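Biologist: I have a chain on screen and some labels I want to test. Can you walk me through them?

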Amino acid sequence: VIQADLANPQDLEPIAEIAKGRSEEEVLILSIGAVFRYTAPDFMFLYQPNVLGQKTLVEKVALPLMDAGKNIRFVFWSAAALYGNFDAPDYPLPAREDYPVNPTNDYAKTKLEAEEWLLHYHKHHGLWVTIMRCGAIYGEGATYAMGNAIILKLLGMLEPIIVGSGKNRVALIY
């Protein structure tokens, strides 16, 4: 386990070196590193992990691994918050991929900028990118732990969690 600040290039270099030395040709980078607080105290509190963190992860890990001959798959956990209030009159719900973005808070604005940077790396460096705009399904009184729970579930380390009243304090797997 390597603890790292996504926005600190020196923290990420050891991760790239470890991955370079492994025999696998395919590397999946699943980035959910972010501050999940729509009402964070200031813009830079969100900008550091949500934008600079993604850029640094690409520049210090993904691109060097590509240069070393690895096939990189970069999956970014963005946010449905990019759509704002889902009130575009000419677009029906449920929203599709062509639904217009309208970020209404700093959190969504930083996620959108991160997406734009990742698409830049795709266009100019050939980085294979998938962007997931997952909806917040936490419910009333829930905590921001869904990302961790989904990863643990995918790794087989957590049983499904079924949510009933919406007043629980755990993540929802659906």
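What follows is a set of short questions, each label set against its value.

Modeller: Keep in mind that this is a predicted model.

Biologist: What is the order of elements along the chain?

Modeller: From the N terminus on, they run α-β-α-β-α-β-α. That gives 4 helices and 3 strands.

Biologist: Why is W117 called partly exposed?

Modeller: Its relative accessible area is 28%. Buried needs under 20%, and exposed needs over 50%. W117 lies in between, so it is partly exposed.

Biologist: Where is W117, and what does it touch?

Modeller: W117 sits in helix α3. Neighbours within four places in sequence aside, W117 contacts V51 and K55. Its C-alpha is 9.6 Å from that of V58, although 59 residues separate the two along the chain.

Biologist: What makes you set the span of α2 beside an expected value?

Modeller: Helix α2, residues 43–67, has 25 residues. The expected span is 1.5 Å times one less than the number of residues, so the expectation here is 36 Å. The helix reaches 33 Å from its first C-alpha to its last, which is close to that.

Biologist: Which residue is at the centre of the kink in α2?

Modeller: G53. The kink is about 35°. Another glycine matter comes just after α2: G69 takes a positive phi of about 95°.

Biologist: How does α3 do on span?

Modeller: Helix α3 has 20 residues and reaches 28 Å, close to the 28 Å expected. Its buried residues include Y107, A108, L112, A114, L118 and Y121. The buried residues of α3 pack against α2, β2 and β3.

Biologist: How do you know that β1 and β2 are paired?

Modeller: Pairing takes at least two bridges. Strands β1 and β2 have 6 bridges, so they pair, and they run parallel. One bridge puts L30 with V75.

Biologist: What about β2 and β3?

Modeller: There are 5 bridges between β2 and β3, so these strands pair as well, again in parallel. F76 stands opposite I131 in β3. The chain crosses from β2 through helix α3 to β3, and this β-α-β crossover is right-handed.

Biologist: What makes β2 mostly covered?

Modeller: In β2, residues 71–77, 5 of the 7 residues are buried. Each of those falls under 20% relative accessible area, so the strand counts as mostly covered. Across the chain, buried residues make up 37% of 174.

Biologist: Which residues touch the most other members in the largest nonpolar core?

Modeller: That core has 19 residues, and I29, V58, V61, A62, I72, F74 and L127 touch the most other members. The elements giving two or more residues to this core are α1, β1, α2, β2 and α3. Helix α2 gives the most, with 6 residues.

Biologist: What is V58 in contact with?

Modeller: Leaving aside neighbours within four places in sequence, V58 contacts L63, P64, F74, L118, Y121 and L127. Apart from that core lies another, of 7 residues, among them L46, A79, L82 and A108.

Biologist: How many of the contacts between residues at least 6 apart join residues at least 24 apart?

Modeller: The share is 66%.

Technical notes
Residues numbered from 1 in each chain as written. Predicted model: local features only at pLDDT ≥ 70, side-chain atom pairs only at ≥ 80, totals over all residues. Heavy atoms only, no water. Bend = angle between axes of the 7 residues up to and from the residue. Buried < 20%, exposed > 50% of the residue type's maximum accessible area, 1.4 Å probe, protein only. Right-handed = clockwise from strand over helix to strand, strands pointing away. Contact = heavy atoms within 4.5 Å. Core = buried A, V, L, I, M, F, W, Y, C linked by side-chain atoms within 4.5 Å.
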